[in-house]
Amino acid sequence: MSTLDSFDVRILETLQTEGDMTMAELSERVHLSHSQCSRRVKQLRDNGVIDHFAAILSPERLGLNLKSYVSVTLKHNSQTADDFRVLIRDCPEIIECAMVTGDGDFLIQAYTRDLAHFRDLLGKLAQIEVVSSLKSVIVIEDVKRTSALPVYQGTAL
């Protein structure tokens, strides 16, 4: 079993913030040869440490000016909640949904254009038969917004 070393950490930290750089730029940044850097990135992908690459879009530039979190509580004994899961999967405004502990069963993060669009989203959620209650909060200001995870040297792969 291998572990992350300092080069792997630098590669991962760099790719999380600047994932569109070329392998030549990355190898220069982390002080490795092009071939060594390429091999390590491939190994990190093969090991599942790098899940995938994607562009991070600006919600504001796309007119999605309202960010919200919605806590969803399902009716008791709603084992599968298939209709709920289908709506979550197929609704592009919902960018994240997690089953959680605490007061609700699921926590949803969504981006909508405005309050009317948000109201429509809540209406779709409320129409699902297994949904018991919804509690929502609207984000006023993002104090921190990143997709970068902490990377620690010595982590087992």
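Modeller: Helices, with at least four residues, and strands, with at least two, are DSSP runs numbered from the N terminus. The model here is predicted. In this model, helix α1 and strands β1 (66-74), β2 (94-99) and β3 (106-112) each supply at least two residues of the lining of the largest pocket.

Biologist: Which of the elements gives the most to that lining?

Modeller: Helix α1 does, with four residues.

Biologist: How much space lies in the largest pocket, and which lining residues are closest to its centre?

Modeller: The space comes to about 1300 Å³. The pocket is lined by 38 residues, and those closest to the centre are Ala54, Ile56, Thr146, Ser147 and Ala148. By class, the lining has 22 nonpolar, eight polar and eight charged residues.

Biologist: Turning to the helices, why is α2 called roughly perpendicular to α3?

Modeller: The axes of α2 (residues 23-30) and α3 (residues 34-46) cross at roughly 100° and come within 9 Å. Angles of 65 to 115 degrees count as roughly perpendicular, so α2 is roughly perpendicular to α3.

Biologist: Which residues make the contact between α2 and α3?

Modeller: From α2 they are Met23, Ala24, Leu26, Ser27 and Val30, and from α3 they are His34, Cys37, Ser38 and Val41. These residues divide into six nonpolar, three polar and no charged.

Biologist: What makes α1 oblique to α2?

Modeller: The axes of α1 (residues 6-17) and α2 come within 10 Å and cross at roughly 130°. An angle over 145 degrees would count as roughly antiparallel, and 65 to 115 as roughly perpendicular. The crossing of roughly 130° fits neither range, so α1 is oblique to α2.

Biologist: Is that crossing left-handed or right-handed, and which residues make the contact?

Modeller: α1 passes α2 in a right-handed crossing. Phe7, Arg10, Ile11, Thr14 and Leu15 of α1 meet Leu26, Arg29 and Val30 of α2. The contact has five nonpolar, one polar and two charged residues.

Biologist: How do you know that α1 is roughly perpendicular to α3?

Modeller: Their axes cross at roughly 75° and come within 11 Å. The cut-offs for roughly perpendicular are 65 to 115 degrees, so α1 is placed roughly perpendicular to α3.

Biologist: What residues are in the contact of α1 with α3, and how do they divide by class?

Modeller: Phe7, Asp8, Ile11, Leu12 and Leu15 come from α1, while Cys37, Arg40, Val41 and Leu44 come from α3. By class, there are seven nonpolar, no polar and two charged residues.

How values were computed:
Residues are numbered from 1 along each chain as its sequence is written. This is a predicted model: local features need pLDDT of at least 70, side-chain atom pairs count only at pLDDT 80 or more; totals for chains, interfaces and linings use all residues. Side-chain values use heavy atoms; hydrogens and water are left out. Axes are lines fitted to C-alpha atoms, for helices over the stretch in contact, and angles run from 0 to 180 degrees between N-to-C directions. Angles under 35 degrees count as roughly parallel, over 145 as roughly antiparallel, 65 to 115 as roughly perpendicular and the rest as oblique. Contact means heavy atoms within 4.5 Å. Ala, Val, Leu, Ile, Met, Phe, Trp, Tyr, Cys and Pro count as nonpolar, Asp, Glu, Lys and Arg as charged, and the others, Gly among them, as polar. A crossing is left-handed if the near helix is turned anticlockwise from the far one by less than a right angle, and right-handed if clockwise. On a 1 Å grid over the protein atoms alone, a cavity is a set of points where a 1.4 Å probe fits but cannot get out, and a pocket is an open set with protein on both sides within 12 Å along at least five of seven lines; lining residues have an atom within 4 Å of a point. Grid points are joined across faces, edges and corners, and a volume is the space filled by probe spheres set on the points.
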